[in-house]
Amino acid sequence: MPGAVTREPGTATALLLRAAAYFVFWVALAGTGLKDLAAGLVTAVIAAWISLQLVPAGELAVKPGRALALFVRFLWQSVVAGVTVARIALMPNMPLKPGVVEYRSKLPPGNRRFLFMTYASLLPGTLPTGTDDTNRIEVHALDTGQPVAAQLAAEEARIANVLADRAAQ
């Protein structure tokens, strides 16, 4: 049956795990009212099914400990970004040099590179604006005087370190 959720081993488990994660997230946001739980359960299952269509089971397996460390780092960077934005807002004459930086990714085209680009878009001062099949990513930077490409390379290495190698699975 085309589009069936159970096309490969482990997909049913992935569906249950993703649905459980989405449901926990729903409960954290909406609460534990009976109507909220019913809507959350339906929504979580639908979201899990859609996520399996977009990112099949096993395609982006992560190393949990490393993912947690990256998440903690990301939270810290969010605080730093907030302070940076506040400084820019309060001192608008800061010597920034906005512009576009070309970055060459080591990640292959597809979900792994898009995950990195999404992560990079949440970092202070960078916004990936496009990519192509030659591993080139265009990044809008608030200050091209900073070592933007080197910072992106370090973050890309962290993302790659979190992702489990599909060949090793």
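**Exercise 1. State the order of helices and strands along the protein chain.**

Solution. Read along the sequence, the pattern is α-α-α-β-α-β-β-α. The elements amount to 5 helices and 3 strands; helices (H or I, at least four residues) and strands (E, at least two) are DSSP runs, numbered from the N terminus. The C-alpha trace spans about 55 × 40 × 30 Å along its principal axes.

The model is predicted: local features need pLDDT of at least 70, side-chain atom pairs count only at pLDDT 80 or more, and totals for chains, interfaces and linings use all residues. Residues are numbered from 1 along each chain as its sequence is written, and side-chain values use heavy atoms, with hydrogens and water left out.

**Exercise 2. Describe how helix α1 packs against helix α2.**

Solution. Step 1: take the geometry. Helix α1 (residues 11–30) and helix α2 (residues 34–54) have axes 8 Å apart and an angle of about 140 degrees. Axes are lines fitted to C-alpha atoms, for helices over the stretch in contact, and angles run from 0 to 180 degrees between N-to-C directions.

Step 2: classify the angle. Angles under 35 degrees count as roughly parallel, over 145 as roughly antiparallel, 65 to 115 as roughly perpendicular and the rest as oblique. α1 and α2 are therefore oblique to each other.

Step 3: give the hand. The crossing of α1 and α2 is right-handed (the near helix is turned clockwise from the far one by less than a right angle; anticlockwise would be left-handed).

Step 4: sort the contact residues. The contact of α1 with α2 has 17 nonpolar, 4 polar and 2 charged residues. Here Ala, Val, Leu, Ile, Met, Phe, Trp, Tyr, Cys and Pro count as nonpolar, Asp, Glu, Lys and Arg as charged, and the others, Gly among them, as polar.

**Exercise 3. Describe how helix α3 meets helix α5, and identify the salt bridge of Arg 73.**

Solution. Step 1: the axes of α3 (residues 64–90) and α5 (residues 148–162) come within 8 Å and cross at roughly 150 degrees. That makes α3 roughly antiparallel to α5. The crossing is left-handed.

Step 2: list the residues in contact (heavy atoms within 4.5 Å). Arg 66, Ala 67, Leu 70, Arg 73 and Gln 77 in α3 meet Glu 155, Arg 158, Ile 159, Asn 161 and Val 162 in α5. By class, they are 4 nonpolar, 2 polar and 4 charged.

Step 3: find the charged pair. The side chains of Arg 73 and Glu 155 form a salt bridge at 2.3 Å, N to O (a side-chain nitrogen of Lys or Arg within 4 Å of a carboxyl oxygen of Asp or Glu). Arg 73 lies in α3 and Glu 155 in α5, so the pair ties together parts that are 82 residues apart in sequence. The count by this rule is 6 salt bridges.

**Exercise 4. Give the strand order of the sheet and place the helices that lie across it.**

Solution. Step 1: the open sheet of 3 strands has the order β1-β3-β2, with antiparallel pairing (two strands pair if DSSP finds at least two bridges between them). β1 (99–104) and β2 stand at the edges, each with a single partner strand, so one side of each lacks a neighbour in the sheet. The twist averages 30 degrees from one strand to the next.

Step 2: β2 (residues 126–131) and β3 (residues 136–141) pair over 5 bridges. Pro 128 has Val 139 as its bridge partner, and Thr 131 stands opposite Ile 137. Their hairpin has 4 residues between the strands, and Asn 135 takes a positive phi near 75 degrees.

Step 3: helix α4 (residues 111–121) lies across β1, β2 and β3 at about 150 degrees to β2. α5 also lies across β1, β2 and β3, running at about 45 degrees to β1.
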